[in-house]
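Student: Got a minute to go through this one with me? I'd like to start with how the chains meet.
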Amino acid sequence: MADETVTVTIDDVQVTVPKGTMIIEAAKQAGVLVPHYCYHPSLPSPAVCRMCLVQVEKAPKLMPACVTAVTEGQVVHVHSPDAKTAREAVLEFLLINHPLDCPICDQAGECELQDFVFQEGRAGTRYADYPKRYAPVEDFGADILYVPNRCILCTRCVRFMGNVAGDPVIEVYDRGDRAYIGIDQDERLDHPWSGNVVDLCPVGSLLSKDFLHKARAWDLDKTASICPGCTQGCNMTIDTRDDAVVRLRPRPNLEVNRHFICDTGRADYRWMNRGDRAEAPLVRDGDRLRAVDWDAALDRCATLLNESAGPVVVLAGGRASCETLGGVMQLVAGAQVTAAMKVPMGAEEALSGIPDLALRAERAANLEGARLLGVNASWASAMAAVSGAAMVIVIDVELDDAEATALAGASHLAHFATIADPRLRTVDLVLPVTTMAEEQGVYVNRDRRAQRYLPARPAPGMARPAWWVAGQGWARRAPGRSAPATASEAFGALAAFGGMTYRELGMTGRVVPAAASVAR
Amino acid sequence: MGYPHPIHPKETPVLSTHFGEADARTFDGWVKRGGYAALRKALEMTPEQIVDEVKASGLRGRGGAGFPTGMKWSFMPKDTSRPHYLCCNADESEPGTFKDREIMRWTPHALIEGCIIGGLAIRAETTYIYIRGEFTEPYHVMVKAVAEAYAAGALGANVFGSGKRHDVVIHRGAGAYICGEETALMNSLEGRRGNPRIKPPFPAVAGLFGAPTTINNVETLAAVPHILVRGAAWYAGLTLSSPKSTGTKLISVCGHVQRPGVYEITLGLPMKELIYDLCGGMLPGRTLKAVIPGGSSVPIMTPAEVEECATDYEGIVAKGSMLGSGGMIVMDDTTDLVYQIMRLAKFYAHESCAQCTNCREGTAWTTRILERLLAGEGKASDLDLLLELSEQMTGKTICVLSDSCAAPVVSGIHKFRADFEAYLTGAAVPAMAEV
């Protein structure tokens with residue numbers, strides 16, 4: 001049954017799709033976008049917006065493309081005069097009570113109502129002389145405002161909370177044109193995944209307080225990235241305005257997070273914009289640290305390693321990329337190495353309606369990548385090894401005071417730092433590195449899926465990607481070594497990935513073959 | 001003396017025979033009148049035999065759509081690995097319709113008996129009777145009758161000792177018109193918002209609680225015992241016109257007639273006789289202006305159309321309207337049709353479930369245009385706009401509520417355009433001024 005296919009013709013394009021596919025999805029295959037509001041591929045379809053009505057030959061009336069399954073030989077006209085007239089009418093109906101306050105609406109520029117009205121709507125309204133429906137803005141919960149005037153009652157938010165989050169706190173209240181999305185008076189829209197309703201809302205009705213009036217959509221640059229918050233590895237987009245990160249949104253990946261990210265991941269971007277960054281390499285000069293250029297810093301790094309005979313401890317933060325971890329492990333190769341990644345723990349918060357999707361307890365994006373690359377000691381054993389180590393390398397770790405104190409007693413200490421840590425009083429070397437928002441790299445999620453992220457903003461000062469720093473340090477430890485020049489080369493050189501390339505990973509990632517880890 | 005009016009010679013009392021007899025409400029009184037004989041007969045029959053009998057009778061759904069009942073029952077799967085349900089739609093909320101109320105008020109056991117037989121036919125052990133919230137008296141009568149039926153062994157684990165089970169659950173609605181739409185009714189029964197569901201899946205595949213379900217109108221189910229007792233051939237022979245419209249139909253007539261009320265006619269009776277003979281015709285000095293023959297959702301008929309119309313499914317369609325629920329609204333020449341149509345539109349705007357855009361916004365917009373017209377502030381383009389909106393409210397939505405709003409508007413403008421134009425030209429006194 002599952003592999004049976006059906007061939008249909010949609011706007012003169014023939015496509016073959018699995019049996020049971022809805023016309024709206026088959027049309028996507030044919031390169032035809034059927035305008036829609038209530039339909040969403042990750043939600044059940046109620047067919048209420050009536051926007052996706054299309055003409056199906058031999059059907060007595062227009063059919064909703066979102067709930068009409070394709071049949072063999074079916075001929076569909078998305079842009080027939082009847083279908084266009086029907087959509088024009090729906091758009092006019094939707095606009096009669098819509099305030100058209102686009103100039104002050106956060107959604108403007110990425111609004112599906114704007115888009116489709118511009119594409120297919122009437123130029124003017126015939127609903128003149130009547131007052132529009134009005135209702136005041138409501139505070140729904142932690143980060144969410146509801147602007148009922150703009151609402152087109154597509155019910156995506158209701159279905160998300162009910163069918164996907166399993167927390168049905170919102171529902172359509174009242175009837176007819178008085179209807180609105182209401183929340184139980186004793187409830188708040190504060191489910192750990194509730195922020196997704198803002199993305200799902202096709203208009204500017206559900207707004208993020210955090211993003212409120214922060215930027216116009218057309219001023220944003222969008223960068224494909226991976227959420228660094230936990231081992232789930234949700235795909236996300238980093239929105240920047242003038243190089244400042246102003247918003248994180250989910251990026252669809254049906255294998256990982258479908259169309260969603262959790263509120264914790266969504267809100268966790270302020271550290272990307274910090275102004276107190278380590279911007280120049282620093283080397284110890286007596287009792288003080290002196291700013292130097294990269295040549296001097298890298299030479300010092302190589303010298304320190306070459307001169308220190310004894311065990312090495314590598315302490316990595318959870319956001320270190322595979323390229324970085326692989327580079328650092330290569331940098332210290334030859335010594336007895338104890339390498340660990342710090343994994344902060346938190347509560348697991350599942351999105352009940354989607355299998356295998358949760359904010360994971362392990363709040364480290366690249367834990368699986370670290371394991372693949374030999375950064376696999378326990379954090380406790382690595383910290384215990386600090387006192388006997390000849391050299392300790394810290395890669396962008398958020399340290400507590402006890403850890404900072406212990407590290408201050410290390411023989412030699414090199415800090416790959418995004419933020420300099422004054423508690424590390426004895427640090428020999430501070431190497432300013434980029435955050436994940438400023439570099440490209442690969443994280444491996446808990447299901448061993450290797451996924452790329454791209455740089456969203458420029459690095460501050462002299463900061464360089466940690467993989468570059470490690471590679472340069474390694475090249476300087478012995479003559480005749482040539483360090484990778486690009487992140488792509490750095491990744492390609494990692495034996496643990498068995499020759500996988502950036503190109504192969506694409507922007508939705510690939511699962512690392514089991515054999516590759518065995519080879520490690 | 002007889003229930004509100006004595007039985008007219010042109011009536012065919014079948015369901016209404018015992019209307020007005022208090023004793024008929026009791027179990028014993030009903031048995032004395034031949035009640036539950038059909039059930040005893042049905043208990044000896046196979047589900048297929050019951051379905052075939054009802055098919056042969058030609059009985060069609062009395063709720064409005066007129067779908068053949070036997071065929072509807074035959075859509076139910078034979079497999080009973082999942083429970084089957086029978087729903088009885090007693091949410092009689094169509095403006096102008098008040099026939100089911102009388103069945104429940106006077107002959108509750110006829111309905112209960114019909115439910116059990118229907119349940120046997122579709123292999124359901126439970127019937128949910130969804131009674132309109134405003135129906136206080138019918139609700140109490142039904143509750144009492146169900147209790148009696150349980151006590152007498154007609155309901156319960158062992159219906160009349162047959163070993164077969166049947167339960168009846170009475171559910172009282174909360175006053176939403178839309179809950180009379182069959183799938184909205186099921187949502188409402190399940191405790192959800194009463195929104196119509198998209199079809200497919202049809203109720204026979206996935207209805208109440210996701211299980212195979214058949215939903216029938218009160219009048220339909222109440223007719224079934226008569227068919228089993230007196231035979232399909234008798235019922236099929238009850239027609240004055242088309243063999244496709246058989247049996248009797250309760251017509252609730254309201255409006256400007258001398259004797260409004262519920263009349264039981266053999267299908268095919270000329271509408272003229274219904275209005276002028278049974279209902280006594282217009283009030284003195286008045287003339288007929290318009291008739292809405294099947295509940296407020298159907299197109300309006302002109303006197304000329306009424307003149308030649310046979311009161312049955314096909315006859316009324318031939319005259320541009322529908323038999324619908326049989327709720328007939330008669331209007332005489334004192335009627336302001338524009339106002340009446342606005343009232344209907346306002347009703348639909350109020351009752352729209354708000355799911356579908358066209359209905360949610362279209363019904364309200366239509367109402368506003370009509371209100372403005374009535375206030376004497378209409379524009380020449382308003383009539384065309386109304387027709388255009390109606391076009392976009394017809395056949396575009398999940399259920400037919402918005403179609404129902406459009407039907408009187410479209411037929412009103414087409415058939416009574418002068419009434420509308422009077423408001424445009426100022427010939428008519430703005431009616432909304434005093435509202």
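Student: So how many residue pairs are in polar contact across the interface of chain A and chain B?
Tutor: The rule finds 17 such pairs, counting pairs where both residues are at pLDDT 80 or more. Keep in mind that this is a predicted model.

Student: Which elements of chain A supply at least two residues each to the side that touches chain B?
Tutor: α2 (81-96) and β8 (170-173) of chain A do. The largest share comes from α2(A), with eight residues.

Student: And what's that side like by class?
Tutor: On chain A, the side touching chain B has 22 nonpolar residues, 11 charged and three polar.

Student: With charged residues there, how many salt bridges go across?
Tutor: Six are found across the interface of chain A and chain B. One salt bridge pairs B:K379 with A:D129, and their closest N and O atoms are 2.9 Å apart.

Student: OK, what about area: how much is buried between chain A and chain B?
Tutor: About 2,800 Å², with carbon and sulfur atoms giving 54% of that. The contact takes 36 residues from chain A and 33 residues from chain B.

Student: Which three residues supply more of the area that chain A buries than any other three?
Tutor: That would be A:F93, A:Y130 and A:R175, which supply 27% of what chain A buries against chain B.

Student: Let's leave the interface. How many salt bridges turn up over all chains?
Tutor: A search of the whole structure gives 65. Among them is A:R126 with A:E92, where the closest N and O atoms are 2.8 Å apart.

Student: What does the pair A:R126 and A:E92 tie together?
Tutor: A:E92 sits in helix α2 of chain A and A:R126 in the loop between α3 (112-120) and β6 (138-141) of that chain, so the salt bridge links parts 34 residues apart in sequence.

Student: New topic, helices in chain B. At what angle do α15 and α18 of chain B cross?
Tutor: Roughly 60 degrees, with the axes of α15 (residues 357-374) and α18 (residues 417-425) coming within 8 Å. That crossing makes α15(B) oblique to α18(B).

Student: Why oblique and not perpendicular?
Tutor: Because roughly perpendicular starts at 65 degrees, and this pair crosses at roughly 60 degrees.

Student: Which residues meet there?
Tutor: From α15(B), B:L370, B:L373 and B:L374 meet B:F420, B:Y423 and B:L424 of α18(B). By class, the contact has six nonpolar residues, no polar and no charged ones.

Terms used: Residues are numbered from 1 along each chain as its sequence is written. Chains are lettered from A and ligands numbered from 1 in the order in which they are written. This is a predicted model: local features need pLDDT of at least 70, side-chain atom pairs count only at pLDDT 80 or more; totals for chains, interfaces and linings use all residues. Side-chain values use heavy atoms; hydrogens and water are left out. Axes are lines fitted to C-alpha atoms, for helices over the stretch in contact, and angles run from 0 to 180 degrees between N-to-C directions. Helices (H or I, at least four residues) and strands (E, at least two) are DSSP runs, numbered from the N terminus. Angles under 35 degrees count as roughly parallel, over 145 as roughly antiparallel, 65 to 115 as roughly perpendicular and the rest as oblique. Contact means heavy atoms within 4.5 Å. Ala, Val, Leu, Ile, Met, Phe, Trp, Tyr, Cys and Pro count as nonpolar, Asp, Glu, Lys and Arg as charged, and the others, Gly among them, as polar. Buried area is the accessible area (1.4 Å probe) that two parts lose on being put together, summed over both. A salt bridge is a side-chain nitrogen of Lys or Arg within 4 Å of a carboxyl oxygen of Asp or Glu. A polar contact is a pair of N or O atoms within 3.5 Å; within protein, one must be able to donate a hydrogen and the other to accept it, and residues adjacent in sequence count only if both atoms are side-chain atoms.
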